[in-house]
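Colleague: I'm new to this structure and would love a guided tour. Could you take my questions one at a time?

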Amino acid sequence: MENKKFYMTTAIAYTSGKPHIGNTYEFVLADAIARYKRSQGYDVFFQTGTDEHGQKIELKAEEAGVSPKEFVDDVASQVKEIADMMNTSYDKFIRTTDEYHEKQVQKIFKKLYDQGDIYKGHYEGMYCTPCESFFTESQLIDGKCPDCGREVQPAKEEAYFFKMSKYADRLIEHINTHPEFIQPVSRKNEMMNNFLLPGLQDLCVSRTSFKWGIPVDFDPKHVVYVWLDALTNYITGIGYDCDGEDKELFNKNWPADLHLIGKDIIRFHTIYWPIFLMALDLPLPKQIFGHPWLLQGDGKMSKSKGNVIYADELVNMFGVDAVRYFVLHEMPFENDGVITWELMVERMNSDLANTLGNLVNRTISMTNKYFGGTVTDKGVYEEVDADLKAVTEHTPNAVDEKMDKLRVADAITEIFNLFKRCNKYIDETMPWALAKEEDKKNRLATVLYNLIHSISAGAELLSSFMPETSEKILTQLNGGNVTDKPEILFQRLDLEEVMKKVAELHPPVEKEKEEDVIDIEPKEEITFDDFMKLQFQVGEIIACEEVKKSKKLLCSQVKIGSHVKQIVSGIKAHYTAEEMVGKKVMVLVNLKPAKLAGVLSEGMLLCAEDAEGNLALLTPEKTMPAGAEIC
């Protein structure tokens with residue numbers, strides 16, 4: 001009987017720079033799932049790769065003094081090296097600069113244009129040259145640019161648009177009838193309530209303001225905009241052909257069984273991508289899982305913050321499998337996980353060196369000491385053995401159950417619970433005491449055999465998550481004919497020594513001298529009654545996107561209690577839309593709604609501003625629920 005296929009992908013990594021450990025986490029998570037599916041007998045095809053077009057890359061290449069292709073070649077090689085270093089077992093590494101991909105994107109664009117899903121239109125309005133943005137007359141402030149206040153001129157810019165609304169009802173129906181399609185459920189609710197149900201706008205799918213992209217072959221002054229280019233990698237990489245000459249690999253594997261992506265790009269994968277597929281008359285992927293972020297201890301990793309941790313640094317300090325264990329075990333199913341050097345050392349010492357490493361070491365040492373390295377089951381059982389046996393037999397089923405729901409961290413916890421039970425079994429049976437009594441020798445042999453059997457069962461299950469460690473354990477235990485000398489699996493580390501090495505990797509940046517205080521012009525005094533008219537609450541940003549045609553504005557969906565308000569803020573120069581999501585912020589809730597750049601705003605996010613105009617969102621000092629009153 002032929003094995004059941006399982007086609008899974010990661011999001012393709014954007015080649016604007018070297019990926020940090022938060023980006024690398026997705027490779028490792030996908031690999032663990034792929035390896036586990038293979039262990040269940042699935043015929044797995046696992047694809048990953050790089051997203052290499054766009055204006056940002058064009059600008060980065062210009063800054064670096066190289067061509068865009070040279071720039072992405074260098075970054076793509078770094079991405080691939082990191083994926084390989086982390087022992088990821090991908091079957092295909094696609095680059096969106098691959099010739100076959102580019103040709104298919106051009107064919108797809110033309111097909112969608114010919115069938116009327118893509119149409120040529122234009123942005124029209126008053127154009128601000130410094131901001132490179134169009135505005136309608138109603139958006140202008142005193143006839144000038146609402147962002148920078150400069151003069152504007154009437155202008156037009158050509159673009160192609162995709163008719164998103166044509167397929168919206170069909171997508172809503174699919175999501176409602178396929179509850180497994182978007183996971184976790186919170187991501188599904190966010191997409192439905194914030195984007196689909198309010199109504200979809202047509203999507204711009206070409207650009208003329210930069211050149212580093214796939215040309216629209218029948219209108220070459222346009223390049224295909226990022227999402228139509230990047231998302232189609234999931235089909236081009238396995239041999240989709242727009243002319244109907246699909247390769248066998250595509251016919252075998254599509255639809256994808258799992259798209260594994262970060263929560264920040266869930267909208268593009270659960271709305272744009274399914275609609276593109278509908279337009280191409282292709283089946284939709286079976287499941288899209290938006291995983292949370294792995295955060296540095298002081299927030300989302302960012303080069304500008306100086307808090308970036310790279311996978312190669314961690315591997316050099318702790319080893320590949322220790323890093324794999326950490327990023328898989330510390331990431332909750334729905335909420336963001338946290339990584340710090342201190343926490344890595346704590347997990348290394350407690351979970352890996354002590355719970356697992358010491359368990360294997362002393363089991364092998366006792367087998368060598370008491371039985372010359374070979375032990376068999378002598379059948380001398382006692383009541384204490386039953387629970388170890390029960391846990392050993394239960395664990396594979398528990399791991400299966402967790403992995404079926406993509407609860408990878410919980411699956412690893414189940415395995416380590418088995419290892420902890422083995423350690424407890426040693427304390428309960430006290431092999432060293434049994435060894436002192438000759439008539440207890442067969443009982444001692446049974447105890448050690450039970451230990452080797454249970455540890456081996458756990459090591460087998462561990463192979464998807466920590467493949468090198470699993471192999472080392474199984475080789476050393478060898479079914480009861482153990483190795484002469486146990487290999488130390490994980491060395492305990494001294495936190496102080498580790499932090500010294502970290503300081504050498506990342507020398508602390510000298511703090512600038514303390515800034516002068518800022519005096520601002522005082523406003524008219526208000527009464528307490530005036531103040532009490534203002535309603536301030538804690539809000540949680542659940543979605544955020546840039547405001548079309550504005551250089552300064554971000555549009556946030558802010559959860560306040562059981563309600564969601566849309567708030568437009570002029571903070572785009574200080575925060576990206578992606579890093580806004582998940583923040584707890586202070587909100588002026590009862591501000592009269594107004595339109596900014598044509599977008600309705602229903603409140604105000606509170607910020608502080610320094611003398612240079614830098615903004616910082618005001619956030620609660622302690623964890624507070626969305627909706628908490630600020631008083």
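Colleague: In which loop does alanine 597 lie?
Modeller: This is a predicted model, and here is what it shows for that residue. Phi of alanine 597 is positive, near 50 degrees, although the residue is not a glycine. Most residues other than glycine have a negative phi. Alanine 597 sits in the loop between strand 20 (594-596) and strand 21 (599-601).

Colleague: Is alanine 597 buried or exposed?
Modeller: Its relative accessible area is 12%. Buried means under 20%, so alanine 597 is buried.

Colleague: Good, now to leucine 406: what is its phi?
Modeller: Leucine 406 is found in the loop between helix 14 (383-404) and helix 15 (408-429). With a relative accessibility of 11%, leucine 406 counts as buried. This residue is not a glycine, yet its phi is positive, at about 60 degrees.

Colleague: Which residue does a cis peptide bond join to glutamine 183?
Modeller: Most peptide bonds are trans. Here omega is about -10 degrees, and the bond is cis. The partner lies in the loop between strand 8 (182-183) and helix 6 (185-196). It is proline 184.

Colleague: And what is omega for the cis peptide bond between tryptophan 254 and proline 255?
Modeller: Proline 255 belongs to the loop between helix 9 (248-253) and strand 12 (258-262). For the cis bond that joins tryptophan 254 to proline 255, omega is about 10 degrees.

Colleague: How many of the 8 residues of helix 11 are buried?
Modeller: Helix 11 covers residues 311-318, and its buried residues are Ala311, Glu313, Leu314, Val315, Met317 and Phe318. Among the elements that cover them are helix 1 (21-39), helix 3 (68-85) and helix 13 (341-371). Helix 11 is therefore largely enclosed by the rest of the structure, and the number of buried residues is 6.

Colleague: Which glycine follows helix 11?
Modeller: The residue after helix 11 has a positive phi, near 100 degrees. It is glycine 319.

Colleague: How far apart are the end C-alpha atoms of helix 4?
Modeller: Helix 4 has 16 residues, 99-114, and at 1.5 Å a residue it should span 22 Å. The distance in the model agrees with that expectation: 23 Å.

Colleague: Which residues of helix 4 are buried, and what glycine comes after it?
Modeller: The buried residues are His101, Gln104, Val105, Gln106, Ile108, Phe109 and Leu112. In an α-helix, residues three or four places apart point the same way, because there are 3.6 residues a turn. After helix 4 comes a glycine with a positive phi near 90 degrees, glycine 116.

Colleague: Which residues does asparagine 450 touch, leaving out those up to four places away in sequence?
Modeller: Asparagine 450 is part of helix 17 (residues 441-462). At 11% relative accessibility, asparagine 450 counts as buried. The residues in touch with asparagine 450 are Tyr381, Asp385, Leu388 and Tyr425.

Colleague: What is the accessible area of the nonpolar surface patch that contains Ile526?
Modeller: Isoleucine 526 lies in the loop between helix 19 (495-505) and helix 20 (528-532), and at 55% relative accessibility it counts as exposed. Its partners in the patch are Phe528, Phe531, Met532 and Leu534. Together the five-membered list, Ile526 included, has an accessible area of about 530 Å².

Colleague: Last one: over which residues is the pLDDT below 50?
Modeller: The mean pLDDT of the protein chain is 90, and 94% of its residues reach 70 or more. The stretch in question has 1 contact in the model beyond near neighbours in sequence. Where pLDDT is low, the predicted coordinates should not be read in detail. The pLDDT is below 50 over residues 511-515.

How values were computed. Residues numbered from 1 in each chain as written. Predicted model: local features only at pLDDT ≥ 70, side-chain atom pairs only at ≥ 80, totals over all residues. Heavy atoms only, no water. Helix = DSSP H or I, 4+ residues; strand = E, 2+ residues; numbered from the N terminus. Expected span 1.5 Å × (residues − 1). Buried < 20%, exposed > 50% of the residue type's maximum accessible area, 1.4 Å probe, protein only. pLDDT = per-residue confidence, 0-100. Contact = heavy atoms within 4.5 Å. Patch = residues over 30% accessible without salt bridge, like charges linked within 9 Å, V, L, I, M, F, W, Y side chains within 5 Å. Areas by Shrake-Rupley, 256 points an atom, 1.4 Å probe, with all protein chains shown as cover. Salt bridge = Lys/Arg side-chain N within 4 Å of Asp/Glu carboxyl O.
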